[in-house]
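Please load the model in your viewer and keep the sequence panel open beside it. The tour below moves from one selection to the next and says what is to be found at each stop.

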Amino acid sequence: MNITNKIQQYAIVDVFAERPLRGNPLAVVPDADDLDEHTMRAIAVEFNLSETSFVLTPTEASADFRIRSFTPTGDEVFGVGHNALGVWWWLAETGQLGERTSFVQQLGDELLPVSIGRENGRATVSLAQAMPRHIGDVGDLQALAEALGLDKSEPALGPQEAVVVSTGAAHMLVRLVSRDEVDRAEPDASMLLPLLERAGAQGCYVFTTSGEQRGEAYARFFNPTVGIREDPATGSAAGPLGWLLANRSGAGGQETFTVVQGVSMGRESHIRLLVRPDAVELTGSAVLTATGQLHL
């Protein structure tokens with residue numbers, strides 16, 4: 001007996017990658033207006049990727065597309081990161097954007113500009129994130145060191161500072177002294193989760209600028225609040241980090257940064273940022289890894 005009554009197309013794209021099986025994999029589900037929220041969540045659980053994004057008709061007249069993104073636990077996320085960049089790259093590469101280069105995306109309650117360009121024959125996408133907000137500082141660095149497993153490392157210097165910043169999604173940014181210490185972090189989700197909840201943060205972005213090239217940071221991302229043990233590329237956290245670094249530099253004006261992430265996972269990613277005093281723009285590309293059909 002055949003109980004399948006709907007075939008839904010999908011694609012897997014690796015975002016912030018130069019070749020397949022690098023960067024952060026994203027499931028893109030186009031033409032998703034007929035899917036209810038329960039089905040979207042179930043599909044995200046089925047794919048079990050850090051995020052699955054659905055392309056919908058906008059409800060705001062000024063927007064070109066609406067995007068809804070869900071994690072493997074079925075939680076909806078609203079930050080502008082690989083979840084949105086991968087969708088726009090796929091739309092551009094499949095010829096659905098025509099000759100236009102400027103668009104507006106509807107993501108949650110935000111209407112945000114999108115720019116499409118081309119580099120080396122591939123589409124590149126630049127996304128504006130929401131207005132940066134400094135939510136607060138984290139005071140108990142010793143508890144944070146224990147939650148990140150750094151109190152057991154030799155030598156262990158632990159977090160130098162921890163700040164919560166949002167450009168659409170609030171994340172805890174934790175500065176460590178070296179790339180080696182970033183690689184040694186082994187978070188205990190049961191200890192990290194209450195610290196994130198008290199700080200009003202979704203995830204934890206450990207990073208260092210020590211020993212890296214000027215304008216470059218090395219980072220890892222952990223988010224037990226939505227069931228992500230580690231993420232190979234996190235645009236919604238890289239944006240706040242770029243804003244923090246620009247503010248710490250004291251240079252003012254416009255600055256550019258690159259965040260290198262996912263190295264310890266074998267999925268090296270490069271996230272480019274353009275930071276102004278009141279805005280952050282995320283730029284990157286992707287590669288198509290798979291296409292297929294869902295039988296629903």
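What follows is a walk through strands, aromatic rings, nonpolar cores, backbone angles and pockets.

Before selecting anything, note that this is a predicted model, in which local features need pLDDT of at least 70 and side-chain atom pairs count only at pLDDT 80 or more, while totals for chains, interfaces and linings use all residues. Residues are numbered from 1 along each chain as its sequence is written, and side-chain values use heavy atoms, with hydrogens and water left out.

**Stop one: strand β1**

Select residues 7-15, which make up strand β1; helices (H or I, at least four residues) and strands (E, at least two) are DSSP runs, numbered from the N terminus. Of the 9 residues in β1, 7 are buried, where buried means under 20% relative accessible area, exposed over 50% and partly exposed in between, with a 1.4 Å probe and protein chains only. Now add residues 286-295, strand β18, which runs antiparallel to β1 and is joined to it by 9 bridges; two strands pair if DSSP finds at least two bridges between them. To find your place in this pairing, look at A11, whose bridge partner in β18 is T291. Strand β2 (residues 24-29) also pairs with β1 in the antiparallel sense, over 5 bridges, and here D14 stands opposite P25.

**Stop two: aromatic rings**

How many aromatic pairs does a search of the whole structure find? There are 5, a pair being rings of Phe, Tyr and Trp (its six-membered ring) whose centres lie within 6.5 Å, with planes under 30 degrees apart counted as stacked, over 60 as edge-to-face and the rest as tilted. Select Y10 and F47, whose rings make an edge-to-face pair at 4.9 Å centre to centre and 65° between the planes. Because Y10 belongs to strand β1 and F47 to helix α1 (residues 37-47), this pair ties together parts that are 37 residues apart in sequence. Y10 and F47 are both buried.

Move next to W88 and F103, whose ring centres are 5.4 Å apart with the planes at 40°, so that the pair is tilted. W88 sits in helix α2 (residues 82-93) and F103 in strand β6 (residues 102-107), so the contact links parts 15 residues apart in sequence. W88 counts as buried at 0% relative accessibility, and F103 is buried at 5%. Add F65 to the selection, since F65, W88 and F103 form one aromatic cluster.

**Stop three: nonpolar cores**

Keep W88 selected and add Y205, I271 and L273: these four touch the most other members of the largest nonpolar core, which has 51 residues. A nonpolar core is a set of buried Ala, Val, Leu, Ile, Met, Phe, Trp, Tyr and Cys residues joined through side-chain atoms within 4.5 Å. Helix α2 gives the largest share of this core, 8 residues. Another core of 23 residues lies apart from it, and includes V138, A147, A170 and L196.

**Stop four: two positive phi values**

Two residues other than glycine are worth a look for their backbone. F16, in the loop between β1 and β2, has a positive phi near 65° and is buried, with a relative accessible area of 4%. N120, in the loop between β7 (110-119) and β8 (122-128), has a positive phi near 55° but is exposed, at 83% relative accessible area.

**Stop five: the pockets**

Which residues line the largest pocket? Select F16, A17, E18, E119, N120, R122, T124, H270, R272, G284 and S285. On a 1 Å grid over the protein atoms alone, a pocket is an open set of points where a 1.4 Å probe fits, with protein on both sides within 12 Å along at least five of seven lines, and lining residues have an atom within 4 Å of a point. The volume of the largest pocket is about 210 Å³, and β8 and β16 (269-276) are the elements that give two or more residues to its lining.

The second largest pocket holds about 160 Å³ of space, and among its lining residues are A92, Q96, R100 and I116. Strand β7 gives the most to this lining, with 3 residues.

**Last stop: R133**

Finish at R133 in strand β9 (residues 133-137), which counts as partly exposed at 48% relative accessibility. The C-alpha atoms of R133 and P240 are separated by 8.4 Å, although the two residues are 107 apart along the chain.

Methods
Points joined across faces, edges and corners; volume = space filled by probe spheres on them.
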